[in-house]
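Thank you all for coming. I would like to walk you through one structure this morning, and I will take it slowly for anyone who has not looked at it before.

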Amino acid sequence: MRVTGRQSEPKPRSGTTIALGLVSLMMVLLSGLGSSIATAAERGASSELDGLSWRFHTVWADPRVGTQSDSRVAGRPSGEFAYSTAAPSEWKSPEFDDVAWPVDVLPLFGGTRDWGFRVPKPLAVIQARSSFHLSDNSQGTTEITIRYRGGARLMVNGSEVARRHLPEGELDASTLAEDYPRSAFLIPDGERRIGPPGEVELNEPILDRLNSRIRTLSVRISNRDLNQGRNVIAIEVYRTVLPENLPSYAGGRASWATAGLIDARLIAVGGGNLSALPAERPALEAWVMNPLQPIIPRYVKLDTSVGGNPRLPVVANRVDDRMRDADSGTLRLVAARRGSASGQVLVRAGTEAIAELEVRFDGLVRRDGGGRIARDAGRIRFARMPVDQDGQEVG
């Protein structure tokens with residue numbers, strides 16, 4: 001496959017990204033990823049950043065009941081959940097190689113409306129890493145706010161900067177976060193557990209209880225304590241125990257995971273600008289990506305309906321360097337004989353838009369020379385951006 005392009009004059013929008021996804025070979029065009037969010041100006045901030053992609057690791061363990069200081073195993077989950085161990089202690093270091101971890105955008109294990117429904121209860125710990133770029137660290141501050149269920153610890157460039165709803169001292173996979181009140185589990189009369197939307201009326205008292213599951217940690221850091229350029233942010237989320245003697249619930253769908261990472265937002269005030277991508281980057285880059293990794297951005301819109309947890313609209317799939325896999329230069333297509341296969345190649349522009357792009361598929365040859373897939377057997381497609389109800393492109 002050959003990819004050539006020509007860039008136009010600089011545009012006000014920040015970069016253009018083109019993803020080549022192959023259904024036999026398919027192509028997707030994205031614009032404006034990595035730009036900061038408009039509400040930053042409304043707060044008097046230099047810039048605001050949300051929607052980063054995250055590499056993450058999880059720990060699964062038996063659910064526990066009781067209290068943070070006195071708990072016991074509630075019972076083993078079904079065999080479909082494999083137990084795992086925490087990541088090595090150096091996982092929070094900027095030098096740690098997390099390329100083997102899955103990548104996604106937040107929320108991680110949010111469940112129904114971020115309340116944790118339909119997330120398996122054995123989820124014990126979430127360890128997530130991302131990175132951001134700061135253009136100038138000589139002045140100003142950066143505020144980091146995260147929302148989560150359970151308890152959270154925040155680390156930047158390998159050092160802990162804050163924790164909340166967690167005990168002091170060393171933390172490990174068995175650590176439990178500060179207990180939730182019983183009201184987070186029960187309807188106001190205390191006779192039964194709160195079920196998911198559609199099975200319980202979302203009136204104000206119920207919403208207050210559901211929203212009490214979501215906790216917040218916010219910290220402001222001097223930009224002088226950050227790197228000018230790339231910074232690594234690591235977040236650790238721990239579950240809580242379940243209270244003893246909760247009433248039963250018909251159907252069992254009132255269960256919810258007490259650990260979840262909902263969102264993370266960074267705001268730079270009085271200093272440099274924040275971005276998901278470095279300010280200086282090659283004019284054109286191309287690399288192979290997992291064909292199952294979505295490239296079309298997912299938009300998180302402000303939900304003002306009853307029960308909606310307010311979120312500002314953001315582009316939630318920025319195509320940043322965290323989406324590179326370990327071997328990002330080799331396209332591997334695996335299929336049965338006479339079958340079909342797909343792969344994905346991403347092409348990303350620097351700070352200027354792509355005016356023209358030419359992609360050519362010249363066929364594939366087996367490594368041992370024993371066979372060839374003809375040029376006309378492959379297809380290259382440009383997938384379209386999503387459109388709204390009026391047929392206008394979103395993004």
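Please keep in mind throughout that what you see is a predicted model. Let me begin with a single pair of residues, Glu48 and Ile267, which are bridge partners, with Ile267 lying in strand S15. Glu48 falls within the range of strand S4, residues 47–49, and S4 pairs with S15 in the antiparallel sense over three bridges.

If we turn to another partner of S15, we come to strand S10, residues 141–149, and here the antiparallel pairing runs over nine bridges. One of the contacts to look for is that of Ile144, whose bridge partner in S15 is Leu266. S10 also pairs with S13, again in the antiparallel sense, over eight bridges, and in S13 you will find Ser218 as the bridge partner of Thr145.

Putting these pairings together, we have an open sheet of four strands, in the order S4-S15-S10-S13, with antiparallel pairing. Which strands stand at the edges of this sheet? They are S4 and S13, the latter spanning 215–222, and because each has a single partner strand, one side of each is left without a neighbour in the sheet. From one strand to the next, the twist averages 15°.

Now let me return to S15, which covers residues 260–269, and ask how many of its ten residues are buried. The count is nine, and S15 is therefore largely enclosed by the rest of the structure.

That leads to the interior. As a general point, nonpolar side chains in soluble globular proteins tend to be buried together. In this model the largest nonpolar core has 35 residues, and those touching the most other members are Trp54, Ile144, Ile146, Ile235 and Val237. Among the elements that give two or more residues to this core are S10, S13 and S15, which we have just met in the sheet, along with others including strand S5, at 53–60, and strand S14, at 229–238. The largest share, five residues, comes from S9.

Finally, let us look at the outside, where Leu331, Leu333, Leu364 and Ile373 form a nonpolar patch on the surface, with about 270 Å² of accessible area together. Within this patch, Leu364 sits in strand S22, residues 364–365, and it counts as partly exposed because its relative accessibility is 31%, where the partly exposed class lies between the cut-offs of 20% and 50%.

How values were computed. Residues are numbered from 1 along each chain as its sequence is written. This is a predicted model: local features need pLDDT of at least 70, side-chain atom pairs count only at pLDDT 80 or more; totals for chains, interfaces and linings use all residues. Side-chain values use heavy atoms; hydrogens and water are left out. Patches are made of residues with over 30% relative accessible area and no salt bridge: like charges are joined within 9 Å, nonpolar side chains (Val, Leu, Ile, Met, Phe, Trp, Tyr) within 5 Å. Accessible areas come from the Shrake-Rupley method with a 1.4 Å probe; for residues, only the protein chains shown count as cover. A salt bridge is a side-chain nitrogen of Lys or Arg within 4 Å of a carboxyl oxygen of Asp or Glu. Buried means under 20% relative accessible area, exposed over 50%, partly exposed in between (1.4 Å probe, protein chains only). Two strands pair if DSSP finds at least two bridges between them. Axes are lines fitted to C-alpha atoms, for helices over the stretch in contact, and angles run from 0 to 180 degrees between N-to-C directions. A nonpolar core is a set of buried Ala, Val, Leu, Ile, Met, Phe, Trp, Tyr and Cys residues joined through side-chain atoms within 4.5 Å.
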